[in-house]
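Please take some time with the structure shown below before reading on. The paragraphs after it go from a whole chain down to single residues.

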Amino acid sequence: MRAFSYEKPADPAAAAARAAEVEGAKFLAGGTNLLDLMKLEIETPLHVIDVNGLGLDEISETEEGGLRVGTLVTNTALSADSRIRRDYPLLTRAIAAGATGQLRNKATTGGNLLQRTRCPYFYDTNMPCNKRAPGSGCGALTEGAFSRQLGVIGTSDACIATHPSDMAVAMRALDAVVETVTPAGMTREIPLEEFHLLPGDTPEDETALMPGELITHVRLPAPVGGTQEYHKVRDRASYAFALVSVALVRQADGSGRVALGGVAPKPWRSDAADAELPNGASAVMSVLLDGARPTEENAFKITLAERTLAAMLKEA
Amino acid sequence: MEFNQPVDSNLFDDAKVVGKPMQRIDGPLKVTGTAPYAYERNDAAPDALYGYPLGAAIGHGRITRMDAEAARSAPGVRAVVTTLEVDPLEKGMNNVARLFGGDEVQHYHQAIAVIVADTFEQARAASAMIEVDYEEGTPADLDLDAAFERVQGTGEPDTLVGDVGAAFRDAAQVIDQMYHTPGESHTMMEPHSSTVDWSDGENMTVWTSNQMINWNHQSIATTFGIDQDRIRVESPYVGGGFGAKLWLRADAVLAALGSRAAGVPVKLALPRPMVMNNTTHRSATVQRIRLAANADGHLTGIWHEAAAYCLPGGRGENATAQTPIFYAGDSRRVKNHVVDMPLPETADMRAPGEASGLMALEIAMDEMAEALDMDPVQFRIVNDTQVDPANPDIPFSDRHFVECLERGAEAFGWSERNTTPGGQRDGDWLIGHGVAGAYRGALVLPSGARAILDGGKLIIETDMTDIGTGSYTILAQTAAETMGMDVADVEMRMANSAYPVSSGSGGQFGAPSSTSGVYAACMALREKIAGNLGIDEASFNGGRVTGGDTDMALSEINEEVSAEDAIQWGDFQQGYAMGTFGAHFVEVGVHAYTGETRVRRMLAVCDAGRIINPITARSQVIGGMVMGVGAALSEDMALDRGRGFFANHDMANYEVAVHADIPEQDVIFLDTLDGVATPLKAKGVGELGLCGVAAAIANGVYNATGVRVRDYPLTMDKFIDRLPAI
Ligand SMILES: Cc1cc2nc3c(=O)[nH]c(=O)nc-3n(C[C@H](O)[C@H](O)[C@H](O)COP(=O)(O)OP(=O)(O)OC[C@H]3O[C@@H](n4cnc5c(N)ncnc54)[C@H](O)[C@@H]3O)c2cc1C
Ligand code: SF4
């Protein structure tokens with residue numbers, strides 16, 4: 001870990017302003033991802049702005065009948081909230097499928113959306129990685145490299161990493177909207193669909209946030225109803241990231257929404273694929289995963305995604 | 001004490017303490033966090049500074065330049081030692097790669113520098129400031145399958161009995177399949193850690209986490225070319241080893257070099273992401289197994305050929321270890337190949353050999369049972385042997401494998417299982433049941449101890465280690481039994497090179513050997529006490545010594561009495577095959593859609609002679625079963641074949657079983673005694689619990705799905721496209 005300076009700003013706008021102003025600044029929320037990455041010198045902020053205690057830890061009801069979740073609401077609090085459990089059970093299920101109880105007690109809503117990939121080459125600073133060290137090459141795409149867990153769609157020749165969050169997959173299916181404050185003190189809304197970027201030639205650019213911009217809330221639109229399931233597939237029963245995860249909202253008429261985790265650089269969903277839901281898992285996946293470019297090691301994820309959805313559709 | 005003939009009756013026949021369930025005596029220290037582990041020796045080395053290692057960034061090659069100037073002048077840094085400043089160190093016992101010194105890089109994360117600083121964070125930060133230039137070695141062929149193809153059929157067989165060719169020609173059924181087991185990392189909770197005081201460059205004290213004090217002691221002397229008398233080694237508490245801590249490793253070497261350079265004691269723990277590639281692991285194996293059987297289910301031919309890799313000069317993993325001896329069979333051919341590969345070093349891991357060998361052999365047995373249309377339990381029973389099949393004059397000292405299978409089948413409800421693969425379902429889950437046999441050799445090593453009677457207290461000194469296994473407790477029980485005293489009056493002093501040399505902990509030889517050593521020392525003490533009191537035939541009971549006219553409490557003996565002895569094993573044991581046996585039964589669920597596999601129920605039945613303490617023994621066995629679940633379903637060191645390193649080198653990516661993976665576990669110990677094995681008629685169980693577990697799970701997956709998977713771990717990517725249609 002490199003030496004860094006530290007401050008606790010007075011309010012969200014001040015935090016954003018300072019983050020844009022001070023070189024190499026980074027926000028600290030729960031710290032469960034940032035601190036690990038700092039210890040390994042994958043992240044080397046010069047200045048850490050602690051956003052805890054800025055009053056962004058409430059869940060409130062919106063006029064449109066949804067919920068507005070403060071960025072500092074912990075994963076535990078969010079998943080346990082009675083309104084979430086009643087109206088957005090998909091979100092509770094997805095959060096509870098992630099990490100561990102201890103981590104979820106610390107992890108925050110905004111931090112979870114911004115957690116970085118778990119690609120093993122990203123984690124080993126001896127290895128090339130375009131995301132960690134732009135231009136150094138992709139360690140996972142060389143001959144004989146280990147790519148079993150990595151992405152199959154939305155990836156590029158520069159990077160095939162996945163976004164590891166479970167929570168974000170549910171939020172994508174629920175059409176969540178990220179609310180921010182910019183360094184200039186303006187507020188902004190970014191639909192989750194547009195929040196995470198595909199890697200293209202610049203895998204180091206991961207989100208639509210501008211430098212210094214602070215997430216303040218995540219807004220959930222009015223409840224969509226239906227049955228809501230989250231199936232996370234992994235080799236061991238707990239404490240592992242998804243090989244594939246499927247978030248499903250299904251209405252009585254057979255329509256609904258599907259989002260996938262573990263396959264792409266962002267939660268993966270499309271309207272066209274949703275429209276195929278009445279036609280079954282195979283129909284959905286042939287649209288949703290059209291154009292997939294798996295490696296030899298992770299091609300199984302395509303079959304796995306389809307079979308996972310098939311199991312859920314049968315149950316739902 | 002010479003153990004020169006099988007024991008008939010002795011004082012353990014009416015044991016009051018040995019064989020009784022007893023909570024471990026070091027438990028309170030551990031659960032209160034006060035047991036002093038090697039990295040936390042604030043009691044012994046309160047001024048120790050922090051060492052941090054730097055590992056090589058390439059698979060193999062050489063270092064052309066190192067610049068540590070920035071690190072040396074970084075805040076808090078007291079010393080930096082780079083590998084280019086040190087001549088290649090000598091290699092200690094069974095070290096295949098050099099632990100430090102010189103410009104050659106033999107494997108990824110081989111230690112190339114140590115930094116000493118006032119704080120851990122300063123040392124770690126400075127390590128990242130060292131610039132290193134490399135010249136990479138020529139890419140190596142790391143394909144073990146290709147290597148197996150090359151070596152298959154070459155070399156003299158390790159075992160060759162009868163006419164294998166004829167057996168396969170005339171057989172009613174033949175099985176001929178390839179099996180793969182992956183590299184496995186020990187992943188014990190405590191990484192390799194040491195605190196070393198070599199501040200004056202003269203005498204060295206090493207507080208380390210090591211299974212074998214004496215081997216470690218010798219290896220440190222060899223490595224640094226100094227006299228063993230100048231070194232003291234202590235490992236009173238070891239947070240797991242599984243074989244990873246049998247040998248001297250870089251943690252102690254780097255802490256010593258750092259201590260000498262900085263002139264202060266230094267503590268150093270290998271960072272978790274470095275453990276997998278810096279230290280040793282269990283080699284992957286490729287195995288071809290051919291079985292021939294006649295129509296009544298007798299094996300007529302067993303042909304097992306395997307390959308593992310290691311750095312030149314190493315032993316790899318011998319997956320054929322059990323094959324010469326486990327089952328009857330008229331003919332057999334067994335050969336293990338070790339192929340040189342520039343990868344991190346391979347060496348022993350819990351049940352080296354049998355663990356990976358049985359993963360394959362016990363699937364093959366299941367396949368043959370099916371081909372013969374026989375129950376897999378019955379098929380194994382039919383092929384039991386009471387003698388070494390290659391040397392029928394050599395009997396097993398004590399073997400109750402059949403009883404393990406029968407007791408297990410009954411307790412598990414084996415006869416009620418569904419026998420049609422894919423034929424049982426519980427919701428989305430396909431349910432299957434699997435069985436496998438377990439075998440692990442019963443090795444013993446010489447082991448010594450000193451017994452001291454002092455004011456009614458018995459002190460036992462031995463360099464034996466307790467690596468979480470319960471040695472403190474079973475040795476105290478053995479001493480108390482032999483002296484006719486209360487366990488509460490026994491003080492165990494262990495794992496210090498100042499004490500008599502013991503077997504150490506490994507190869508499940510620790511418990512049988514070290515309890516025998518303590519027994520020997522206590523018998524010597526009894527003799528001395530009796531001699532001092534002038535008693536011919538003394539008996540020791542209830543804390544008293546009686547005989548002739550004497551009847552006195554041991555606490556009334558005022559002066560300290562001390563005796564030292566060691567157990568030595570007579571040649572007569574070579575007239576026997578000695579082993580431990582077991583049977584594993586599991587119930588698994590395989591998700592019909594996703595192929596996720598979860599174990600629902602496990603039972604082990606063990607035949608390992610006298611069980612010295614059913615609580616600690618059970619913990620060993622269920623721990624082995626947990627490790628077997630990991631081996632079956634998730635553990636896999638992911639080799640980057642281009643770069644020659646293991647890419648998933650942390651506990652997030654190398655998946656050992658977690659709590660949620662482990663169901664109800666049952667263990668049955670057969671009430672057996674092996675008088676050939678040791679004076680206590682006991683054998684080890686610590687490794688037996690792992691042997692065969694993975695194959696039982698694989699067989700259960702087959703029973704659940706009808707899909708035979710011969711490559712571990714059984715992750716869904718290997719079979720999802722073969723699952724029954726949905
Ligand atoms: C062992 C382990 C296992 C895990 N398993 C899972 C899993 O199975 N599934 C899963 O989904 N997750 C898993 N996680 C990840 C975990 O969910 C994340 O670490 C956590 O959600 C991050 O939240 P945090 O508040 O601690 O973020 P921090 O570490 O504090 O921050 C993460 C990033 O977000 C930025 N940031 C934080 N808040 C804001 C804000 N308001 N505005 C702008 N930027 C901000 C920080 O600057 C930093 O870059 C696991 C983590 C660990 C360590
Ligand atoms: S896949 Fe992306 S994160 Fe992984 S090594 Fe390549 S560039 Fe880095």
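What follows is a walk through chain B, its aromatic rings and one residue in a loop.

The first thing to keep in mind is that this is a predicted model, and that every value below was computed from it. The secondary structure of chain B consists of 15 helices and 32 strands. Along its principal axes, the C-alpha atoms of this chain fill a box of roughly 80 × 70 × 50 Å. How does the radius of gyration of chain B stand beside that of a compact globule? For 726 residues, a compact globule would have a value near 27 Å, and because chain B has 27 Å, the two agree.

The inside of the chain can be described in a similar way. Of the 726 residues in chain B, 65% are buried, which means that their relative accessible area is under 20%. If we take the contacts in chain B with a separation of 6 or more, 81% of them are between residues that are 24 or more positions apart.

Turning to the outside, chain B exposes about 24500 Å², and carbon and sulfur atoms supply 46% of this area. Chain B also carries 54 positive and 99 negative charges, and the mean positions of these two groups are 3 Å apart.

The aromatic rings offer a closer view. A pair of such rings is described by the distance of the centres and the angle of the planes. Over all chains, the count comes to 21 aromatic pairs. One of them is formed by A:Y121 and B:F645, whose rings are 6.3 Å apart from centre to centre, with 75° between the planes, an arrangement that counts as edge-to-face. Because A:Y121 lies in helix α8 of chain A (residues 120–123) and B:F645 in strand β31 of chain B (residues 645–646), the pair joins two chains. Both A:Y121 and B:F645 are buried. Elsewhere, B:F326, B:Y327, B:F396, B:F401, B:Y439 and B:F581 form one aromatic cluster.

Finally, consider a single residue, B:L84, which is placed in the loop between β4 (77–82) and β5 (104–105) of chain B. Is B:L84 buried, partly exposed or exposed? Its relative accessibility is 37%, so B:L84 counts as partly exposed, a class that lies between the limits of 20% and 50%. Leaving aside residues up to four places away in sequence, B:L84 touches B:I63, B:R65, B:M66, B:G102 and B:D103. By contrast, B:T34 is 50 residues from B:L84 along the chain, and the C-alpha atoms of these two residues are separated by 39 Å.

Methods: Residues are numbered from 1 along each chain as its sequence is written. Chains are lettered from A and ligands numbered from 1 in the order in which they are written. This is a predicted model: local features need pLDDT of at least 70, side-chain atom pairs count only at pLDDT 80 or more; totals for chains, interfaces and linings use all residues. Side-chain values use heavy atoms; hydrogens and water are left out. Helices (H or I, at least four residues) and strands (E, at least two) are DSSP runs, numbered from the N terminus. The radius of gyration is taken over C-alpha atoms; the globule rule is 2.2 Å times the number of residues to the power 0.38. Buried means under 20% relative accessible area, exposed over 50%, partly exposed in between (1.4 Å probe, protein chains only). Contact means heavy atoms within 4.5 Å. Accessible areas come from the Shrake-Rupley method with a 1.4 Å probe; for residues, only the protein chains shown count as cover. Lys and Arg count as positive and Asp and Glu as negative; His and the chain ends are not counted. The place of a charge is taken as NZ of Lys, CZ of Arg, CG of Asp or CD of Glu. Rings of Phe, Tyr and Trp (its six-membered ring) pair if their centres lie within 6.5 Å; planes under 30 degrees apart count as stacked, over 60 as edge-to-face and the rest as tilted.
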